[in-house]
Amino acid sequence: MRLPFWNYLFTRFNVHEFPDLYTPLWVASLALLVILVILYNTRTRALHRHAPYLDLWEWLLWTGITLFGLLLVAAVFNFYLVVLLVILITGLAVMTWVRFIRFPPLLEIYEQKMAKQRYFTRSKFAHPESTIRPKGARSATNRATGQRARASRNRRRR
């Protein structure tokens with residue numbers, strides 16, 4: 001650093017002025033963009049029945065595309081460093097807000113709803129007889145003829 005740090009805020013972000021930051025920034029932005037798209041595709045396929053989780057990943061995807069896309073544009077067109085920092089800080093703040101403030105209450109409500117559904121389903125099918133249709137009472141002669149008919153069918157199959 002040859003200048004005071006506030007003077008660097010209004011210099012163009014290029015490879016000559018910031019040789020240590022320029023290449024790692026655009027490579028990291030591109031890599032994170034690709035990773036984000038891959039994560040979005042895998043998580044939305046896994047969670048396709050859970051709408052709040054899909055919404056969370058949708059928000060993260062579009063925020064990430066905006067953030068990392070703007071960082072790439074800023075690096076290519078040599079924006080001032082202050083603009084680049086505003087983009088970076090704002091984008092990371094929005095991603096953090098989405099993941100840790102906006103969606104946790106919604107996900108908690110959804111988890112409670114799913115727990116209630118599991119409980120009612122479990123209690124509905126808790127007794128083995130609840131899934132079996134009751135048969136009509138057979139008389140002794142019907143049972144005997146039914147057993148004879150089954151025995152003859154089993155002999156024929158062998």
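Contact here means heavy atoms within 4.5 Å of each other. With that in hand, among contacts in the protein between residues at least 6 apart in sequence, 67% join residues at least 24 apart.

Before going further, a word on what you are looking at. This is a predicted model, in which local features need pLDDT of at least 70 and side-chain atom pairs count only at pLDDT 80 or more, while totals for chains, interfaces and linings use all residues. Residues are numbered from 1 along each chain as its sequence is written, and side-chain values use heavy atoms, with hydrogens and water left out.

## The overall picture

The protein has 5 helices and 0 strands, so the elements read α-α-α-α-α from the N terminus on, where helices (H or I, at least four residues) and strands (E, at least two) are DSSP runs numbered from the N terminus. Of the 158 residues, 24% are buried. For the burial words, buried means under 20% relative accessible area, exposed means over 50%, and partly exposed is in between (1.4 Å probe, protein chains only).

On the outside, the protein exposes about 12,200 Å², and carbon and sulfur atoms supply 64% of that. These areas come from the Shrake-Rupley method with a 1.4 Å probe; for residues, only the protein chains shown count as cover.

## Helices 2 and 3

Helix 2 covers residues 22–46. Its 25 residues should span 36 Å at 1.5 Å a residue, and its end C-alpha atoms are indeed 36 Å apart. Helix 3 takes in residues 51–76; it has 26 residues and reaches 37 Å from its first C-alpha to its last, close to the expected 38 Å. The expected span is 1.5 Å times one less than the number of residues in the helix.

Helix 2 has a buried set and contributes to the surface too. Tyr22, Leu25, Ser29, Leu33, Leu36, Tyr40 and Thr44 are buried in this helix. Meanwhile, Trp26, Val27, Leu30, Val34 and Ile38 form a nonpolar patch on the surface, with about 420 Å² of accessible area together. Patches are made of residues with over 30% relative accessible area and no salt bridge; like charges are joined within 9 Å, and nonpolar side chains (Val, Leu, Ile, Met, Phe, Trp, Tyr) within 5 Å. A salt bridge is a side-chain nitrogen of Lys or Arg within 4 Å of a carboxyl oxygen of Asp or Glu. Val27 counts as partly exposed because its relative accessibility is 39%.

Where do helices 2 and 3 meet? Ser29 of helix 2 touches Phe68, Leu71 and Leu72, not counting residues up to four places away in sequence. From the other side, Phe68 of helix 3 is in contact with Ser29, Leu32, Leu33 and Leu36, again leaving aside its neighbours within four places. Phe68 and Ala31 are 37 residues apart in sequence and 9.2 Å apart in space, C-alpha to C-alpha.

## The nonpolar core

The largest nonpolar core has 29 residues, and those with the most contacts inside it are Phe13 and Leu84. Helix 2, helix 3 and helix 4 (81–124) each supply at least two residues of this core, with the largest share, 11 residues, coming from helix 3. A nonpolar core is a set of buried Ala, Val, Leu, Ile, Met, Phe, Trp, Tyr and Cys residues joined through side-chain atoms within 4.5 Å.

Leaving out residues up to four places away in sequence, Phe13 touches Phe18, Leu21, Tyr22, Leu25, Ala75, Asn78, Phe79, Leu81 and Leu84. Phe18, one of these, sits in the loop between helix 1 (5–8) and helix 2. With the same sequence neighbours left out, Phe18 touches Tyr8, Thr11, Arg12, Phe13 and Leu81. The C-alpha atoms of Phe18 and Leu81 are separated by 9.6 Å, although these residues are 63 apart along the chain.

## A loop residue and a spot on helix 4

Asn78 is in the loop between helix 3 and helix 4. Its phi is near 55 degrees, a positive value in a residue other than glycine. Over on helix 4 is Thr90, whose C-alpha is 8.3 Å from that of Leu67, 23 residues away along the chain.

Here are some individual accessibilities side by side.

| Residue | Relative accessible area | Class |
|---|---|---|
| Ser29 | 3% | buried |
| Phe18 | 8% | buried |
| Phe68 | 9% | buried |
| Asn78 | 25% | partly exposed |
| Thr90 | 44% | partly exposed |
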